[in-house]
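Me: I am new to reading protein models and would like to take a careful look at one part of this one. Could you guide me through how a helix sits against the sheet, and what the surroundings look like?

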Amino acid sequence: MTTPRTTTAPRPARQHTVIDSPYGPLTLVATDRVLAGLYMTAQRHRPPEETFGDPDPGPFGETVEQLDAYFAGELREFDLPLDLAGTPFQRSVWAELQRIPYGETRTYGELAENLGKPGASRAVGLANGKNPVGIIVPCHRVIGASGSLTGYGGGLDRKQRLLAFENGTEDSSPALF
């Protein structure tokens, strides 16, 4: 009797680094040297630290350059390869988020309409909240039907500040909290 041979696919290599930003520290995570995560401190749905891989700033040079240019007001659209792990529906929502122009907002309902699923605004909101690459995949540009900010995985204060920054209305004085 032969015993079946099992092979295990090698686990993808993961690396991470932490960078400073005007919105607090950002943890960048790469899978096989491709950006797979951008997480803020105290972010909802932030994976456990032990899943981020080894500390290594190597894979993040272009990401850091583009984030620096964005925060300096010199870049309005990111051009980076991304490894977005999620369901097909989540990935379709994240792709739609990337179509929202800098400085503009869309409602969850508008995104659902654009996806051909007009009754799926709640599902769009859930997928939006699971976005693993905040800022670069601009989930902060999504608002409620009434124009309210609704939720944001990085906190409503950050969402308000990011939107104000993109609209040129952010107060540049230091935050009091």
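Reply: In this predicted model, helix α1, made of residues 61-71, lies across the strands β1 (14-19), β2 and β3, and its direction makes an angle of about 145 degrees with β2. To place those strands, it helps to look at the sheet as a whole, which is open and is formed by four strands in the order β3-β2-β1-β4, with mixed pairing. Its edges are β3 (34-40) and β4 (54-55), each of which pairs on one side only. Strands of a sheet pair through backbone hydrogen bonds, in either a parallel or an antiparallel sense. Here β2, residues 26-31, and β3 are antiparallel partners joined over six bridges, and T27 stands opposite Y39 of β3.

The helix also has a part in the largest nonpolar core, which has 37 residues and in which L38, L67, Y70, F78, L97, I135 and I136 are the residues with the most contacts. Among the elements that give two or more residues to this core are β2, β3 and α1, together with α5 (156-167), and the largest share, four residues, comes from α1.

One residue of that core, I135, shows how these parts meet: leaving aside its neighbours within four places in sequence, I135 is in contact with residues including L26, L38, M40, L67, Y70 and F71. The list of contacts of I135 goes on to F78, H140, Y152 and L162.

Terms used:
Residues are numbered from 1 along each chain as its sequence is written. This is a predicted model: local features need pLDDT of at least 70, side-chain atom pairs count only at pLDDT 80 or more; totals for chains, interfaces and linings use all residues. Side-chain values use heavy atoms; hydrogens and water are left out. Two strands pair if DSSP finds at least two bridges between them. Contact means heavy atoms within 4.5 Å. Axes are lines fitted to C-alpha atoms, for helices over the stretch in contact, and angles run from 0 to 180 degrees between N-to-C directions. A nonpolar core is a set of buried Ala, Val, Leu, Ile, Met, Phe, Trp, Tyr and Cys residues joined through side-chain atoms within 4.5 Å. Buried means under 20% relative accessible area, exposed over 50%, partly exposed in between (1.4 Å probe, protein chains only).
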